Amino acid sequence: MNVITVNNLTKYYGKARGIIDVSFSVEEGEIFGFIGPNGAGKSTTIRLLLSLIYPTGGSAAIFGKDVWKFGTEIRKNIGYLPSEVFYYEGMKVIDLLKYSAGFYDGDFTERMHELAEYMELDLKRRIEDLSYGNKKKVGIVQGLLHNPKLLFLDEPTSGLDPLMQRKFFNLIREENRRGVTIFFSSHILGEVQRLCDRVGIIREGRIVEISDIRTLQENNYKKIRITAPDVEPDYFALPDVSNLHAENGTIKFFFKGDINTIVQKISGIRVKDVTIEEPTLEEIFMHYYER
Amino acid sequence: MNIYFRELRANLKSLLIWSGIVILLIVIGTAKFSAFTDNPEMLKILDAYPPALLKAMSLKTFNLTTITGFFGVMFLYFGLMSAIAAAMWGSDIISKEERNKTVEFSLVLPVSRSRIVTAKALAALTNLAAFVLITWVASVVAAQNYNPDAGFYDFLALEMQAMFMIGLIFLALGLLLGCAMKQYKRAGSTAVGIILGTYFISVVSGMQKSPDFLKYLTPFKYFDAGELYRAGSLNSVYLLLSAVIIVICIAAAYWTYNRRDLYI
């Protein structure tokens, strides 16, 4: 079952581009990574799905219901961690969490203490006195407090130290194991790679690729480096080769296609050294960015 | 209910400041009044003023040497303060969520935008009612030194109703500006601009030879202290007009807030 279905969603802010023709779906129980550079439209997409803003065109549904018509109802089962958290001034952490919990059905006192203890968050502090990272922790606890079925995380790790990041990832994995669907937006590939099942890449407002994270990494591209003093890089200018360039006498490129073609090509020249390896997600990503 | 009580707490400081100002105004005002009270010389001095100025300050209707007359003049300030305070409360209570970037928290909670507007409008209304009551009580206390008669209390009650109505109109207007304007920074200043504009119109319409329709353009004219004193009651045409303005503003506030993008 699809938890999120997005069809041709388009958003312009006046004349400025938000997102264009974005379509994707997220299945129940998966961790969907949403990656792209700053300003690509990641936050716009999330804000549309939370009905904070209205679309210029297209449609979106969460739990099978129209996002804008049933926003209030849908939001009962949604948790959201914005990239920057802002809360009311003059409130203690515990007051804010109780205030937030008061909008959902059920008693979340126990869970609040568990989450706060796990994230090492002091409930008695005043929110405006907290550091950026500690505010983020308040956001994490607040977003998870009411046992949401769907979590939106927008650049969730910024401000958290590595130890806290690891704890946070474990928490997210644990939630996911209990069946929570996670929409994970980030520009840091490492964390997407660690956590996500599937990934959508967005660039300048458009989706450029949606695929299984392993497919993206294993089946598509080989990163090839060849050190051959007497050969011009143009020798490898084949239709399946991309990013072809030479650096200090070493020819580097990505190859996508039948591996035999390239092996035969290499066997035709005298080489000093050859490496063929999986590109990191980072490199694939850069490849999408620069295209 | 949560939103309502949180807003009340958040706005308490502002209410206290405005109340402090109005109490100070009444204290200083009545201290000055002690120079006018039962002083026929004062009347002569006032008679020497140009009539247009006296009219603009509504000094023509009132006998400044009586406490009732003095509070008739004070109403000008009550009305203005009520208008400014209410317009600020109305616009700020909505737009501050965008200014302080808390919309990404408060509007992701499972509440409809209409419910948010309702709760916030009620909190601002409570503030306004409290402000008027505090003004009322402070006026009664301050008048005690000058042996007010029953007529004073009746007139003061009328003034306070009028002050509440002016506040209500500008509260609704402020609410509309807060809901409708994406540029939250401009909501408050636009509200103050409208207040000054309508106040200016009310001064102009008080002058001779000004077009008659002007008086319908400014809420300050709907509740003119001189008219209240003469009629002894609120004018029903103006009351109806006020009600229409308030209903239109509030309906438009809900309508726009439910349809617009939040500024994040």
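This report walks through a predicted model of a complex with chains A and B.

## Confidence and overall layout

Let's start with how far the predictor trusts its own work. The complex as a whole gets an ipTM of 0.84 and a pTM of 0.85. Chain B comes in at a mean pLDDT of 88, with 97% of its residues at 70 or more. Within chain B, helix H6 (residues 113-143) has the highest confidence, at 96, while helix H3 (residues 51-56) has the lowest, at a mean of 70.

Chain A splits into domain 1, covering 2-216, and domain 2, covering 220-290. Measure from one C-alpha centre to the other and you get 38 Å between these two domains of chain A.

## The open sheet in chain A

Chain A has an open sheet of four strands, and its order reads E2-E1-E4-E5 with antiparallel pairing. The edges belong to strand E2 (16-27) and strand E5 (65-66) of chain A; each has a single partner strand, so one side of each has no neighbour in the sheet.

Further in, strand E1 (residues 2-13) and strand E4 (residues 57-62) of chain A are joined by five bridges. Along that pairing, A:Thr5 sits opposite A:Ala61, and A:Val6 sits opposite A:Ala60. E4(A) also pairs with E5(A), this time through two bridges and again antiparallel. A:Ala61 turns up here too, standing opposite A:Asp66 in E5(A). The hairpin of E4(A) and E5(A) has two residues between the strands, and A:Phe63 takes a positive phi near 55° there.

## A buried valine after E5

Leave E5 of chain A, head for helix H2 (71-75), and the loop between them holds A:Val67. Is this residue buried or exposed? A:Val67 has 23 other C-beta atoms within 10 Å, so it counts as buried.

Setting aside residues up to four places away in sequence, A:Val67 touches A:Ala60, A:Ala61 and A:Ile62, along with A:Leu49, A:Ser51 and A:Ile74. A:Ser100 is another story: 33 residues from A:Val67 in sequence, it lies 21 Å away in space, C-alpha to C-alpha.

## Helices H5 and H6 of chain A

Helix H5 (residues 132-144) of chain A is largely enclosed by the rest of the structure, because eleven of its 13 residues are buried. Among the buried ones are three lysines in a row, A:Lys135, A:Lys136 and A:Lys137, as well as A:Val138, A:Ile140, A:Val141 and A:Leu144. What covers them? The cover over the buried residues of H5(A) includes strands E6 (78-81) and E7 (150-154), plus helices H3 (93-101), H4 (109-118) and H6 (162-177), of chain A. From first C-alpha to last, H5(A) reaches 19 Å, close to the expected 18 Å.

H6(A) also fits its expected length: its 16 residues should span 22 Å, and its end C-alpha atoms are 22 Å apart. Just past H6(A), A:Gly179 takes a positive phi of about 105°.

## Where the chains meet

How many residues does each chain bring to the contact? Chain A brings 18 residues and chain B brings 17. On the chain B side, helix H1 (2-36) and helix H5 (103-106) are the elements giving two or more residues. H5(B) gives the most, with three. Sorted by class, this side of chain B has nine nonpolar residues, four polar and four charged.

Key: Residues are numbered from 1 along each chain as its sequence is written. Chains are lettered from A and ligands numbered from 1 in the order in which they are written. This is a predicted model: local features need pLDDT of at least 70, side-chain atom pairs count only at pLDDT 80 or more; totals for chains, interfaces and linings use all residues. Two strands pair if DSSP finds at least two bridges between them. Domain bounds come from an automatic or database domain assignment. pLDDT is the predictor's confidence in each residue, from 0 to 100. Two residues are in contact if their C-beta atoms, placed from the backbone, lie within 7 Å. Ala, Val, Leu, Ile, Met, Phe, Trp, Tyr, Cys and Pro count as nonpolar, Asp, Glu, Lys and Arg as charged, and the others, Gly among them, as polar. The expected span of a helix is 1.5 Å times one less than its number of residues. A residue is buried if 20 or more other C-beta atoms lie within 10 Å of its own, exposed if 12 or fewer, and partly exposed in between; C-beta atoms are placed from the backbone.
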